[in-house]
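Me: I have a structure open at the bench and would like to talk it through with you. Could we take it piece by piece?

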Amino acid sequence: MTTYESDLLRLLNERGYVHQVTDAAGLDALAARQTVPGYIGFDATAPSLHVGSLVQIMMLRRLQQTGHKPIVVMGGGTTKIGDPSGKDESRKMLTPELIDENIAGIRTVFERLLTFGDGPTDAVMVNNDEWLADLGYIELLRDVGPHFTINRMLTFDSVKLRLEREQPLTFLEFNYMILQAYDFMELARRYGCRLQMGGSDQWGNIVNGMELARRKDGTELFGLTTPLLTTADGSKMGKTAAGAVWLNEAQLPSYDFWQYWRNTDDRDVGRFLKLFTDLPLEEIARLEALEGSEINQAKIVLADEVTKLVRGEEAAASARATAEQTFAGGGKGDDLPVLEVAAGGIRIGAALTELGFTKSNGEAKRKVAEGAVKLEDETVSDPGFLVELAPGDEARISLGKKRHGILRGA
């Protein structure tokens, strides 16, 4: 393992965040002698980020934990355009008002994980619309355009993959990388930012910004990317059969958030404890070494710790209590998702889909046929089974051993 002088790179390296660094020795020396302002950008396409963004948020937390300054850049400007990285289709256009609402929702998670303020290592949140909205098109072309070549831009994965799949890439999205490069240069000018971090798919965009700042201002900047984060079975982090795992309570109940981490694959437990919790490495090594059914204790610790960080102590305790009541005591639990059942009842398949346990009624029917669906611990074999409940009455519905909800008579 590479030996680093700075607490920053040592911590990031030990916990598995480092994939590529533009100049590891230079960044290490800089971080060892002074406070380094570093940023990651987040576009505001929804009122919450999801678990796929959590590794980036945790990197900003690690930056602050090692005595440096996190800059959270909300893409109020770039959200209007759309980042083609990792996307198969163009992004829907959002109104400025909706973008502002989304930023307000996203900020709540950052306030739990970072300390904001005016101090040298306090985090700041800025909106790139502040400078991008005022750019004149001719001015941008003359000032920035000469430093980019189409030949080079076509080699970046974010562009190349879309073209190889013969999927449309609009001129609007093609400009995204130029604006992200401009962001890095502008942040260096305004905040003394020296470091941009991001996922491995952002490498080309980060290098663009470094080169632009060097050519325009003679500023030396650095870039660091994380490995592409997938689960042990190869699936994308933060995606489940029921949809995205949102960080905000309004988009996903804390019980479902806790349960997502509790259901982690055995092979991922140690890695996720390093990336997503503040537990000491020695404790993580102990938990990771557990075998057989004991590994479930490590998963409960993972679920507790991540939920505490993202949702707070109370949410974590409540989610765990619900899980214990549901699994150990056969109870219903306070945090389980609830579906109101109107007079006339609801078909069991439709109930599964409305709760988000299945993506469609067709999938729900298959699960019923497989014997995976229970109502009050009794297996339901008829996909057309009608659940009727008097007002206030409740019944627990389960899909497999890990998905549970409450049907309540309206």
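Me: Which residue stands opposite Phe222 in strand 6?
Reply: Happy to help, and do keep in mind that this is a predicted model. Strand 5 (residues 195-199) and strand 6 run parallel and are joined by five bridges. Opposite Phe222 in strand 6 you will find Leu195.

Me: And which residue of strand 6 is the bridge partner of Val21?
Reply: Strand 6 also pairs with strand 1 (residues 20-21), here in the antiparallel sense and over two bridges. Within strand 6, the bridge partner of Val21 is Leu224.

Me: Which residues of strand 6 point the other way from Phe222, Leu224 and Thr226?
Reply: Side chains in a regular strand alternate between the two faces of the sheet. Here Phe222, Leu224 and Thr226 point one way from strand 6. Pointing the other way are Gly223 and Thr225.

Me: How many residues of strand 6 are buried?
Reply: Strand 6 covers residues 222-226 and is mostly covered. To count as buried, a residue needs under 20% relative accessible area. The residues pointing either way from strand 6 are buried, and the count for the strand is five of five.

Me: What share of the whole protein counts as buried?
Reply: The same cut-off of under 20% relative accessible area applies here. The protein has 410 residues, and the share that counts as buried is 50%.

Me: Now to the outside: is Phe171 buried or exposed?
Reply: Phe171 lies in helix 9 (residues 171-174). A residue is called exposed over 50% relative accessible area. Phe171 has 56% relative accessibility, so it counts as exposed.

Me: Which helix gives the most to the nonpolar patch?
Reply: The patch is on the surface and is formed by Tyr137, Ile138, Leu141 and Phe171, with about 460 Å² of accessible area together. Three of its residues come from one helix, residues 137-143, which gives the most: helix 6.

Me: Why is the protein said to be as compact as a globular protein of its length, and what is its radius of gyration?
Reply: Its secondary structure comes to 18 helices and 15 strands. For 410 residues the globule rule gives 22 Å, and the value for this protein is close to that, so it is as compact as a globular protein of that length. The radius of gyration is 24 Å.

Me: What does the C-alpha trace span along its principal axes?
Reply: The span refers to the C-alpha trace of the protein, taken along its principal axes. There it comes to about 70 × 45 × 40 Å.

Notes
Residues are numbered from 1 along each chain as its sequence is written. This is a predicted model: local features need pLDDT of at least 70, side-chain atom pairs count only at pLDDT 80 or more; totals for chains, interfaces and linings use all residues. Side-chain values use heavy atoms; hydrogens and water are left out. Patches are made of residues with over 30% relative accessible area and no salt bridge: like charges are joined within 9 Å, nonpolar side chains (Val, Leu, Ile, Met, Phe, Trp, Tyr) within 5 Å. Accessible areas come from the Shrake-Rupley method with a 1.4 Å probe; for residues, only the protein chains shown count as cover. A salt bridge is a side-chain nitrogen of Lys or Arg within 4 Å of a carboxyl oxygen of Asp or Glu. Helices (H or I, at least four residues) and strands (E, at least two) are DSSP runs, numbered from the N terminus. Buried means under 20% relative accessible area, exposed over 50%, partly exposed in between (1.4 Å probe, protein chains only). The radius of gyration is taken over C-alpha atoms; the globule rule is 2.2 Å times the number of residues to the power 0.38. Two strands pair if DSSP finds at least two bridges between them.
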